[in-house]
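User: I am new to this structure and would be grateful for a close look at its interior. Please treat the enclosed space and the packing around it in one connected account.

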Amino acid sequence: MVAFGKKLKERQIQEWEGYYINYKLMKKKVKDYTNQIEAGSERRHVLKDFSRMLDNQIEKIVLFMLEQQGLLASRIAQLNDQQEALQERPDISKISDLREAYRAVGQDLLKLLFFVEMNAIGLRKILKKFDKRFGYKFTDYYVKTRANHPYSQLQQVFKHVGLGAVVGAISRNLADLQDRQGSYLSIYDQPTLPLQEPVVDSLKSAVDRLTHSTNFLEFLGQHALIMHDELPSAVDEHIDDQRYHFMSLILNLANTFLYMVNTYIIVPTADDYATSLRAAPTVCGVVIGSMAVAQIFSSVYFSAWSNKSYFRPLVFSSIVLIIGNAMYALAYDAGSLSVLLLGRVFCGLGSARAVNRRYISDCVPLKIRMQASAAFVSASALGMACGPAFAGLLQMNCKYFGITFNQVTMPGWVMTIAWMCYLVWLSISFREPARETDIDDAPEQSSAVQNDELEKGLAQPLLTSTEHEQDGDGDQECDASEEAPEESREPANSLGAAYRLLTPSVKVQLLIYFMLKYAMEILLSESSVISSYYFNWTTGKVSIFLASLGLTVLPINIIVGNYISNMYEDRQILLASEVVVFLGILFSFEFIVKYTVQQYVCSGLIMFVAAEVLEGVNLSLLSRVMSSRLSRGTYNGGLLSTEAGTLARVVADATITIGGSFGEATLLNLTLIPSLVICICSIVATCCTYNSLY
């Protein structure tokens with residue numbers, strides 16, 4: 001794996017070489033500063049010298065950017081004059097030439113945006129490296145003092161001040177030159193009017209990434225924690241196109257949907273099933289949690305298996321889930337709690353979510369990967385809502401051939417049939433993608449392809465997954481060649497190795513993920529017991545309540561993805577969401593007054609919605625602060641987050657069962673106390689690492 005410094009040098013636009021950040025020099029200076037501190041130099045002198053060097057580098061970048069901006073503006077002004085002349089004497093051939101001239105300006109603007117992108121990445125990396133070396137929150141100080149100053153040059157780099165006007169000018173003039181069939185409307189009159197100009201689409205995409213703005217698809221995609229390599233290339237896109245198969249993607253999304261339905265379809269009736277087998281209602285915690293226990297192990301072997309195949313793990317998953325659901329349904333007639341639990345364990349062993357994530361990460365082309373990631377999250381949310389809803393519809397009681405079909409066994413039978421149908425569909429339609437070793441090495445890229453690569457590179461998020469600490473994982477200083485030792489670039493090959501790559505910021509984000517999954521599992525898994533004890537709710541009412549909670553996921557993500565995340569920093573939303581989760585948990589406690597339906601529903605809704613907001617922002621930040629070595633391999637970032645969430649569910653379900661042993665009257669408060677404590681710990685941890693969350 002090539003280090004960032006060398007990759008930066010390779011990707012530089014040659015005629016602008018002298019205006020890029022001198023990343024190699026700054027790395028060397030950081031190393032020199034370390035030696036100076038060890039030799040007894042004062043820290044404040046080091047900070048002052050590093051600040052001055054950064055200011056000089058940024059000033060060099062900004063002045064060149066403004067110069068190029070001016071040249072582009074001059075070219076647009078000249079083209080505008082030509083366009084005015086054509087208004088009086090239209091000439092179709094000249095109009096076509098004028099369009100091409102505007103497109104050429106757009107291509108040059110893309111080069112400038114790519115220039116800004118590379119420098120922004122370099123600045124963030126060198127700031128992270130400095131903080132890591134000295135254990136000093138210099139980044140927070142530097143960004144605040146420079147970005148908030150009225151004459152800030154840093155804003156020019158990270159907020160591309162002025163470039164938006166150039167993009168707008170190109171878009172407007174190309175739109176005016178487009179045949180509008182006699183319409184006198186401009187893009188300002190109808191901003192949603194589609195403009196079929198690839199260069200404009202590329203410019204808008206680049207500007208969106210550069211401003212760290214987001215939209216609904218991006219926000220949903222961040223929930224999936226499908227991490228990307230730092231800088232995409234045309235070769236990568238070529239490989240992706242060879243491996244991608246639309247129906248195979250749909251099958252992975254269907255697997256995700258069915259598994260989430262399988263997880264939550266038993267929740268409304270789990271307590272009744274336990275009671276019918278002569279166990280306490282609170283044993284439902286063990287029934288629900290046994291699936292999560294098995295998932296802890298299945299996530300690892302499915303992640304490893306997906307290194308070799310995608311089809312075989314999905315087939316194995318479907319067969320295991322068929323067996324598990326059939327055992328779950330047959331446990332009623334067998335009168336065996338052991339068979340019931342074993343069936344749920346089998347269902348957990350069939351969890352192929354790691355395969356679904358890896359397929360999207362490895363086989364879906366970059367240009368649609370965000371949409372595929374968003375579809376993955378949407379499928380999960382839809383399954384979460386549909387599971388309890390289906391359970392509410394399965395109200396029957398009959399017996400055929402000695403097999404009972406009622407509200408507690410029907411979820412098992414329905415999922416057995418669903419997975420059988422899925423297995424047939426999978427066998428017919430799935431296409432195993434070619435492994436990377438089977439794909440011929442791409443030929444040398446021509447200059448034209450390199451221009452395409454430049455345009456594709458701008459589709460990669462700048463300030464999200466592109467800023468992984470590619471060169472800082474082992475903190476290797478390779479000033480001579482800028483290439484780090486191969487072993488420092490390899491993916492983690494064990495959970496222990498992956499854990500050693502976790503920084504304090506990453507550990508805090510995983511703690512937050514654990515907390516929110518724990519709180520949500522407590523709310524969902526004990527809902528049937530609590531609502532039955534306090535309000536005498538039937539299975540149908542519990543199903544409606546849980547389905548309603550699940551249906552809030554997508555609307556909340558639309559609001560956060562389109563609006564809130566553009567108004568506030570992720571870390572601000574993170575902390576605010578944690579506080580709201582805390583208030584939701586606190587309000588859920590049974591106090592001296594009578595516990596009411598209104599209190600239960602409102603507190604549950606507040607906590608669940610806040611946890612959903614928190615999950616998206618948490619995984620967004622996690623993708624940014626996590627080492628790029630965890631973006632690939634078996635023990636990747638997605639696996640770690642899955643394990644943290646699954647472990648939280650296991651602990652929560654165990655808490656319900658243990659709390660239930662003290663009686664249903666005390667179950668609510670006993671299970672909420674750990675949620676409250678973990679939430680407080682996560683808030684404190686967030687405050688301690690707040691300055692490193694950027």
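Analyst: The account below begins with the enclosed space, turns to the nonpolar packing, and ends with two loop residues.

The model is a predicted one. Its cavities of 30 Å³ or more number five, and the largest of them holds about 460 Å³ of space. A set of 27 residues lines this largest cavity. Nearest its centre lie M260, R353, Y513, K517 and E615.

Several helices share in forming this lining. At least two lining residues come from each of α11 (246-264), α16 (353-363), α17 (366-393), α21 (504-525), α26 (597-625) and α27 (637-660). Sorted by class, the lining of the largest cavity comprises twelve nonpolar residues, eight polar residues and seven charged residues.

The nonpolar packing may be considered next. The largest nonpolar core has 127 residues, and within this core V581 and I585 touch the most other members. The greatest contribution to this core is made by α21, which gives 14 residues. The helix α21 is also among those that supply at least two residues to the lining of the largest cavity. Setting aside residues up to four places away in sequence, V581 is in contact with M515, M607, A610, A611, L614 and C679. Apart from this core there is a second, separate one of 45 residues, with I13, I58, M65 and I170 among its members.

Two cysteines can be placed in terms of burial. The relative accessible area of C363 is 0%, so C363 is buried. C386 has a relative accessibility of 17%, and it counts as buried because this value is under the 20% cut-off. The structure as a whole contains zero disulfides.

Two loop residues complete the account, and both concern the backbone angle phi. Most residues other than glycine have a negative phi. F401, which is not a glycine, nevertheless has a positive phi of about 55°. F401 is located in the loop between β1 (397-400) and β2 (403-406). Its relative accessibility is 86%, and F401 therefore counts as exposed, the cut-off being over 50%. N536 likewise is a residue other than glycine with a positive phi, near 55°. The position of N536 is in the loop between α22 (527-535) and α23 (539-551). With a relative accessibility of 64%, N536 also counts as exposed.

Note on methods
Residues are numbered from 1 along each chain as its sequence is written. This is a predicted model: local features need pLDDT of at least 70, side-chain atom pairs count only at pLDDT 80 or more; totals for chains, interfaces and linings use all residues. Side-chain values use heavy atoms; hydrogens and water are left out. On a 1 Å grid over the protein atoms alone, a cavity is a set of points where a 1.4 Å probe fits but cannot get out, and a pocket is an open set with protein on both sides within 12 Å along at least five of seven lines; lining residues have an atom within 4 Å of a point. Grid points are joined across faces, edges and corners, and a volume is the space filled by probe spheres set on the points. Helices (H or I, at least four residues) and strands (E, at least two) are DSSP runs, numbered from the N terminus. Ala, Val, Leu, Ile, Met, Phe, Trp, Tyr, Cys and Pro count as nonpolar, Asp, Glu, Lys and Arg as charged, and the others, Gly among them, as polar. A disulfide is a pair of cysteine sulfur atoms within 2.5 Å. Buried means under 20% relative accessible area, exposed over 50%, partly exposed in between (1.4 Å probe, protein chains only). A nonpolar core is a set of buried Ala, Val, Leu, Ile, Met, Phe, Trp, Tyr and Cys residues joined through side-chain atoms within 4.5 Å. Contact means heavy atoms within 4.5 Å.
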